[in-house]
Amino acid sequence: MSNILTVQETSLTSIADSIRKKTEKKDKLAFPAGFVSEIDSIQTGGGSAPAEEIKEKDVNFFDYDGTLIASYTEAEAKALTTLPTPPEHSGLVFQGWNYTLEEVKANAEMADIGALYTTDDGATRLEIEVLERRDIRVRFSQTKASGVLIDWGDGKNERSAAVSSDVSSTHIYNQPGRYTITLTIDEDCDLLFGANALPLISIDSIDTSEGCNTLRKVYIGDRVTKFNKGIFLKNYALHSVSMNQGITALADECFKCSSIEFMTIPSGVEAIPYSAFNMCSCLRTISLPVSVQNLEQNAIYQCNALKRLNFKNIVNPQEGAVAYDNAISEIVVNAGIAYIPNEFCRNCKSLEKISFLGNVKIFYSGALSGCWSLKTVNLTHCKAVPTMQDATIFNVASSDLEILVPAALADEWKQTTNWTRLAEYIKGV
């Protein structure tokens, strides 16, 4: 009985004192009801409201991993005096955005802007996961013999081969786990990822086209300026790549069939090459700087999570450059594009609006075919009725489709070959 009285009289007094300290009240507390009500009144989490979620707007700023940092309406973006500052990341150094302030304002109607980083020591880091005892191969092209120190992340390292060309090195991991391969490049050496059209990282004992599931994340450091063909081809587990501002060129099929979710293209890159993002089914956003003017065949193809693209600065899209991207809802086409290539935006089934900013002269076969959801086609900048090569163009029309054309050309437009079947949708404005 005495032990019970000690708990009641001594311990409960201490608990009551602690509650009063938290609530900053001096009133006596009745047990148990008073204790319960005062504890319930204590705020948790520091008493501050949770941060409001940032939502995408006309202009969006993304971190290297696709995290939305800031967003602005067109009017807000045009009023900016400085660009936002991204959060700090251990091991990374922010180099800048892939748009300047002036470029943001000039593209304020639609722009997705990405952050560029290098690593704090300039080395390239490759995060891998080894599920069982495996021999892992890394491939690259070096401009100096033995110009790269390879740290395999398990306490072992070696110099690259003594040749100034394509090289590969293999290492056996005796234990499963996550490792970071670090490539430290000599100051008088430059590096191109991949070699002989084979991936940067693969499982050496498996066919290289299928054995790439070990690479998870990539942080590109200094002195990596270009890619070789197929560097991340079929890297199905690769979700994130941090680019540095020194990269000036991508390569054919470089991200094809990978699981990349977001990509910032550096401002020195001028073209998205053949099949670079072909069948990247997880790609939600790609930040194309104004320097990118060329989209080669199948450049952004079957990316079914991609929601929008700004074509305002693209002057040379090739056949099927953008097609079968089933999540894209709106596209703005550069004023300098007069010839709409074959299969342009073919089977973009969620595309609702496309605006041509220039004087379109011809639509080639398959352009905008299979676009089931298309509601607005803005051709009001045309000075004459464009030639429609065949009836595959606009071959599917939703009931609420409007093809907006100059009022002075509307009647002629409705009577022109291959446009006549769309006469009911043509509206002069």
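**Exercise 1. Confidence.** State where in the protein chain of this predicted model confidence is lowest and where it is highest.

*Solution.* Start with the extremes: helix 1 (residues 2–23) has the lowest confidence, with a mean of 55, and strand 7 (residues 148–151) has the highest, at 98. Next, take the chain as a whole: its mean pLDDT is 88, and 86% of its residues reach 70 or more. Then turn to residues 1–8, over which pLDDT stays under 50. For residues 1–8 the model has four contacts beyond four places in sequence. Where pLDDT is low, the predicted coordinates should not be read in detail.

**Exercise 2. The chain as a whole.** Describe the protein chain by its helices and strands, its buried share, its contacts and its exposed area.

*Solution.* The secondary structure consists of five helices and 31 strands. Of the 429 residues, 49% count as buried. Taking contacts between residues at least 6 apart in sequence, 48% join residues at least 24 apart. The chain exposes about 19700 Å², and 47% of that comes from carbon and sulfur atoms.

**Exercise 3. Two open sheets.** Give the strand order of the open sheet that contains strands 17, 19 and 22, and of the one that contains strands 25, 27 and 29; then identify the edge strands of each.

*Solution.* The order in one sheet is 17-19-22, with parallel pairing. Strand 17 (271–272) and strand 22 (316–317) each have a single partner strand, so they stand at the edges and one side of each lacks a neighbour in the sheet. Two bridges link strand 17 to strand 19 (residues 294–295) in the parallel sense; Ile272 has Leu295 of strand 19 as its bridge partner.

The other sheet has the order 25-27-29 and is also paired in parallel. Its edges are strand 25 (339–340) and strand 29 (387–388); each has a single partner strand, so one side of each is without a neighbour in the sheet. Strand 27 (residues 362–363) and strand 29 run parallel and are joined by two bridges. The bridge partner of Ile362 in strand 29 is Thr387.

**Exercise 4. Aromatic pairs.** Classify the pair Phe227 and Phe232 and the pair Tyr301 and Tyr324, and state how buried each residue is.

*Solution.* The whole structure has 21 aromatic pairs. For Phe227 and Phe232, the ring centres are 6.2 Å apart and the planes meet at 85°, so the pair is edge-to-face. Both Phe227 and Phe232 are buried.

For Tyr301 and Tyr324, the centre-to-centre distance is 5.4 Å and the angle between the planes is 55°, which makes the pair tilted. Tyr301 belongs to strand 20 (residues 300–301) and Tyr324 to the loop between strand 23 (322–323) and strand 24 (330–333), so the pair ties together parts 23 residues apart in sequence. Tyr301 has a relative accessible area of 15% and is therefore buried. Tyr324, at 24%, is partly exposed.

A further aromatic cluster can be listed: Phe61, Tyr64, Tyr72, Phe94, Trp97, Tyr117 and Tyr219.

**Exercise 5. One loop residue.** Locate Glu253, decide whether it is buried or exposed, and list the residues it touches.

*Solution.* Glu253 sits in the loop between strand 15 (240–242) and strand 16 (262–264). The cut-off for buried is under 20% relative accessible area. Glu253 has 14% relative accessibility, so it counts as buried. Leaving aside residues up to four places away in sequence, Glu253 touches Lys229, Gly230, Leu233, Tyr274, Ser275 and Ala276.

Key: Residues are numbered from 1 along each chain as its sequence is written. This is a predicted model: local features need pLDDT of at least 70, side-chain atom pairs count only at pLDDT 80 or more; totals for chains, interfaces and linings use all residues. Side-chain values use heavy atoms; hydrogens and water are left out. Helices (H or I, at least four residues) and strands (E, at least two) are DSSP runs, numbered from the N terminus. Buried means under 20% relative accessible area, exposed over 50%, partly exposed in between (1.4 Å probe, protein chains only). Contact means heavy atoms within 4.5 Å. Accessible areas come from the Shrake-Rupley method with a 1.4 Å probe; for residues, only the protein chains shown count as cover. Two strands pair if DSSP finds at least two bridges between them. pLDDT is the predictor's confidence in each residue, from 0 to 100. Rings of Phe, Tyr and Trp (its six-membered ring) pair if their centres lie within 6.5 Å; planes under 30 degrees apart count as stacked, over 60 as edge-to-face and the rest as tilted.
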